[in-house]
Amino acid sequence: MLFYLISVLVVAADQAAKWIVRSNMQLGEIVPFWEGHLVFSYYENSGAAFSSFQGYGQYFAIVAAGFVAAVFYYRHKGELRGPLLEAASGFLVGGAVGNGIDRVLFHQVTDFLVFGKGGGILNLADLAINAGGILIVIHLILGQVKSSRIKRKQIKQN
């Protein structure tokens with residue numbers, strides 16, 4: 001259930017935010033929000049991350065669809081269980097679908113968030129993908145810690 005809740009919320013928040021930006025800002029417009037920390041800057045990216053592969057963004061919609069299909073496949077097999085993996089896969093799928101919608105409908109992705117001193121421009125789907133990746137890393141670290149504890153207990157018992 002957590003997977004579906006997060007996925008739907010990410011897609012809804014991402015698409016709502018992009019609609020607000022497209023409706024209320026001019027392309028290229030910059031609106032300072034939190035001095036030194038966050039700026040809104042309306043940009044349309046027809047490529048991939050870091051504006052690479054400009055003009056080929058529609059192909060990344062196919063990659064996103066394949067990724068979402070893979071997540072559903074592994075969920076169905078029972079390999080993505082537990083709250084961390086449920087949340088992680090929800091964020092990843094929500095982000096992939098959010099940007100995929102833009103790529104299919106507009107052939108480009110609306111970006112508008114600049115954090116810090118010009119560290120790249122993102123959207124909520126991108127942030128969700130980052131959050132999902134971080135949660136997977138946390139899951140892997142916790143799994144490694146648990147495995148190490150089990151091995152130490154086994155050594156002590158022998």
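Here are three short exercises on the model above, each with a worked solution.

This is a predicted model, in which local features need pLDDT of at least 70 and side-chain atom pairs count only at pLDDT 80 or more, while totals for chains, interfaces and linings use all residues. Residues are numbered from 1 along each chain as its sequence is written, and side-chain values use heavy atoms, without hydrogens and water.

**Exercise 1.** Find out how far helix 1 reaches from its first C-alpha to its last.

Solution. Start with the limits: helix 1 (a DSSP run of H or I, at least four residues) covers residues 2-24. Next, take its 23 residues and the expected span (1.5 Å times one less than the number of residues). Helix 1 reaches 33 Å, close to the 33 Å expected.

**Exercise 2.** Which residues of helix 1 are buried?

Solution. Apply the cut-offs: buried means under 20% relative accessible area, exposed over 50%, partly exposed in between, with a 1.4 Å probe and protein chains only. The buried residues include Phe-3, Ile-6, Val-10, Asp-14 and Lys-18. Now turn to Leu-5 in the same helix: its relative accessible area is 47%, so Leu-5 counts as partly exposed.

**Exercise 3.** Work out how strand 1 and strand 2 are arranged.

Solution. First locate strand 1 at residues 30-34 and strand 2 at residues 38-45; strands are DSSP runs of E, at least two residues. They run antiparallel, joined by 4 bridges, and Pro-32 has Val-39 as its bridge partner. Then look at the turn: the hairpin has 3 residues between its strands, and Gly-36 there has a positive phi of about 80 degrees. Finally, check burial: 0 of the 5 residues of strand 1 are buried, so strand 1 lies largely in the open.

Note on methods. Pairing = 2+ DSSP bridges.
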